Amino acid sequence: MTVLTDPLKKAVGPRSATALAKLGLHTVGDLLRHYPRRYAEPGTLTDLATLAPGEHATVVAEVRQVTVRPTSTGKGLLQALVTDGQHTLALTFFGRSTRALGYHEMRLVPGRRGLFTGDVGEYRGQRQFTHPDYTIFGLDVDDEDEALDEAGRPIPLYPASASIASWQIAKAVRTVLDPLTAADLPDPLPEQVRERYGLRTWHETLLDVHTPRTDTDWQRGRDRLRYEEAFVLQAELARRRAAAAAQQATARPRTPDGVLAAFDARLPFALTVGQREVGEQLADELARATPMQRLLQGEVGSGKTVVALRAMLQVVDAGGQAALLAPTEVLAAQHARSLRAMLGDLAEAGYLGGADVGTRIALLTGSQPAAARRANLLDAASGRAGIVVGTHALLSDVVQFADLGLVVVDEQHRFGVEQRDTLRAKAERTPHLLVMTATPIPRTVAMTVFGDLETSVLRELPAGRSGVTTHVVPASNPVWTARTWARVREEVDRGGRAYVVCARIDGDATEADETPLAADPDEPGPGVRARAPLRAVLEVADELAGMDVLRGVRIGTLHGRMAPEEKESALADFASGRVPVLVSTTVVEVGVDVPEATTMVVLDADRFGVSQLHQLRGRVGRGAAPGLCLLVADVVPETPAAVRLETLARTSDGFELAAVDLELRREGDVLGAAQSGGSSSLRFLRVTRDVEVIERARTDARALVEVDPDLADWPHLVAAIEERLVGDREEFLDRA
């Protein structure tokens, strides 16, 4: 691996190395894995009409005309026009004199074709490059046959910058690649796997993608790299799966007359078929001496909490404790309230009026009063509290458990690897793990992300849920917006509650507010009218309070800057009906359960992601009354934002929504790590289209790990795992 770790300064010289470093490329290995973004054909010219002012672009074009003249100050000015056959792009060069521009004049001869790169500007309505970098096809090749051969090859176009052009990167790649042999480039793919699918070695693949002679070459190279990315990822997931299976856990079998049996006997409703089936899966795995590792995903309101509670009670009956980790204090407190409400006197063990068979529920958050915190810490450490609910406060060194047997992580994507492992380390033996998410995960993503977990899905909604109707409301139409607030009043008058969700807290807030917005592919470019400012909680609350249609209706607020007791009070007032309209940020996105809530109004809905809007919609219609969700936004038809909102209005199937979301979003967003070009990113594998590749790689990787769980015989594969699955990628994997 010494060649790959050589610094670029040694390999390509300090000047090129400095420019490449600005792209995050520091070693020979970094440069060799800086793959072309696309390939151009010398005979196919770029459509110049697609260039947008302000972007950095590389185009294939033909020189149409060149003029050189002095400026009014006596300096030189060269202006050239290049064309795609229909549209033109101006190239402008300044020099100390017209003679100083002779180099460009000799090269930019009408009829010649080349690559031109620069920042797109405009001058008098004409798109232009000022002092662009360029290379003319065949001009710097002495041999005529070689020039003809080169002119017919695909041209690799690399992610570049103003500091270094694409063809300069290509030249640097050739400089380091040409002297290398297969022995210098250890292959992470085992030979038997390559032979099974007819894949070339890594050395051959690098030649295919960096120096292709035909389109078949680079396409073959990309196929190999796509499979390689899937295989490396699946090998690590399989290795983790094998490591978990080798660990020892304490078996927590069911008992016939414990708290779980008492809870089941008094359940006021029948479990759905899905809840019963998943419950049996969890019960069987908890009874084993190897740690359960299961992902429970389900539609909003599908009853995951009841399933998780029954699993926790089984562990309590077997003498252990369960910890429920929630991402926010609002959600942690909501979970504690819900669990106590479902258990009743079964959650009052040792207290006057408590059931003969029962346990306690302790709540631990960072802002608790000292006395309550001490009492809950003691209940957790002594084992009196069979269920301990908390936020990141559970990770504190002062939190101890008598016998931690099950860790339940809600909304797992909010936590990183260190946080999860810190909690699991509080058990003497590896505890069982149940990961819950209300965000439906398409099968391809589940295979790619949670491949080391068994997956259970709850699709069925409990009986009695009335469903939610969703409409898109044009924000700039005063008639529609007036009707929105009239509907809110009607729902309040019927005894319902209404959420109004905003993206910001106040008018002075910035993007640092707690509401993460969706990646916005519809953001206006240069010269396009900018969006109106995002609506803010405090402004909207004041606005609603002054409306005639809501006269006499109390308006509350809820956001992340409020103290915990203020949040609790705001939710309590909303739940009781004292304050029937709650203007909030997305702190109500998950877990908040107010059955009387019937209306959800989301302002600037186009700025939220599909899954986030689906979660918000799931906060209403949880009781007997039907729910109404109004997505207020101005969107341009057929844009991704319009597709998102139209799909939400059309369907409530979370898995269909997740599939649409996956198609619309950048792969980096889906996979939790930006496609920055660093070695930890997936470059070629796409979970939206590559399900067959992922399945093959998973089968192959598991077969390899079955015979060699530590991958001890495959050091190059281990090296690839350690190199690529680090930083953001490692944390992403460890969400499982």
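**Entry 1: aromatic rings**

I began with the aromatic side chains of this predicted model, and I noted that F93, F116 and Y134 form one aromatic cluster. When I searched the whole structure for aromatic pairs, I found 7 of them. I then looked up the pair of Y35 and F684, whose ring centres are 5.3 Å apart and whose planes make 50 degrees, and I recorded this pair as tilted. Y35 sits in the loop between α3 and β1, while F684 sits in the loop between α23 and α24, so the pair ties together parts that are 649 residues apart in sequence. I also checked how much of each residue is accessible: Y35 is buried at 9% relative accessible area, and F684 counts as buried at 7%.

Next I turned to Y39 and W218, where the ring centres are 4.5 Å apart and the planes are at 10 degrees, so I wrote this pair down as stacked. Since Y39 belongs to strand β1 and W218 to helix α9, the pair ties together parts that are 179 residues apart in sequence. Y39 has a relative accessibility of 13% and counts as buried, and W218, at 17%, counts as buried too, because the cut-off for buried is under 20%.

**Entry 2: helix α9 against helix α25**

From W218 I followed helix α9, which covers residues 215-246, to its packing with helix α25, residues 715-724; I read an angle of about 95 degrees and a distance of 10 Å between the axes. The two helices are therefore roughly perpendicular to each other, because angles from 65 to 115 degrees are counted that way. On the α9 side the contact is made by E228, F231, V232, A235, E236 and R239, and on the α25 side by L717, V718, A720, I721 and R724. Sorting the residues of this contact, I have 7 nonpolar, no polar and 4 charged.

**Entry 3: the open sheet of 7 strands**

I asked myself in which order the strands of the open sheet stand. Reading across, I wrote down β12-β13-β11-β14-β15-β10-β16, 7 strands with parallel pairing. β12 (360-364) and β16 (454-458) are at the edges with a single partner strand each, so one side of each has no neighbour in the sheet. Ignoring direction, I noted that neighbouring strands are turned against each other by 20 degrees on average.

Inside this sheet I looked up one pairing in detail: β11 (residues 321-325) and β14 (residues 404-410) are joined in the parallel sense over 5 bridges, and Q321 has L404 of β14 as its bridge partner. I then looked for helices that pack on the sheet, and I found that helix α11 (residues 273-286) touches β10, β14, β15 and β16, with its direction at about 155 degrees to that of β16. Helix α12 (residues 304-317) lies across β10, β11, β13, β14, β15 and β16, and it runs at about 170 degrees to β14.

**Entry 4: helix α12 against helix α13**

Staying with α12, I looked up its meeting with helix α13 (residues 329-343), where the axes come within 11 Å and cross at roughly 70 degrees. These two helices are therefore roughly perpendicular to each other. T305, V306, L309, M312 and L313 of α12 meet H335, L339, M342 and L343 of α13. In this contact I have 7 nonpolar residues, 2 polar ones and no charged ones.

**Entry 5: strand β21**

How many residues of strand β21 are buried? I found 7 of the 7 residues in 597-603 to be buried, so this strand is largely enclosed by the rest of the structure. β21 pairs in the parallel sense with strand β18 (residues 497-501) over 5 bridges, and here Y499 has M600 as its bridge partner. Another 5 bridges join β21 to strand β22 (residues 627-632), again running parallel, and in β22 the partner of T599 is L628.

**Entry 6: residue V610**

Last, I looked up V610, which is placed in helix α20 (residues 610-617), and asked whether V610 is buried or exposed. With a relative accessible area of 2%, V610 is buried. Not counting residues up to four places away in sequence, V610 touches R644, L648, L657 and D661. I also noted that the C-alpha atoms of V610 and V660 are separated by 8.4 Å, although these residues are 50 residues apart along the chain.

Conventions. Residues are numbered from 1 along each chain as its sequence is written. This is a predicted model: local features need pLDDT of at least 70, side-chain atom pairs count only at pLDDT 80 or more; totals for chains, interfaces and linings use all residues. Side-chain values use heavy atoms; hydrogens and water are left out. Helices (H or I, at least four residues) and strands (E, at least two) are DSSP runs, numbered from the N terminus. Buried means under 20% relative accessible area, exposed over 50%, partly exposed in between (1.4 Å probe, protein chains only). Contact means heavy atoms within 4.5 Å. Axes are lines fitted to C-alpha atoms, for helices over the stretch in contact, and angles run from 0 to 180 degrees between N-to-C directions. Angles under 35 degrees count as roughly parallel, over 145 as roughly antiparallel, 65 to 115 as roughly perpendicular and the rest as oblique. Ala, Val, Leu, Ile, Met, Phe, Trp, Tyr, Cys and Pro count as nonpolar, Asp, Glu, Lys and Arg as charged, and the others, Gly among them, as polar. Two strands pair if DSSP finds at least two bridges between them. Rings of Phe, Tyr and Trp (its six-membered ring) pair if their centres lie within 6.5 Å; planes under 30 degrees apart count as stacked, over 60 as edge-to-face and the rest as tilted.
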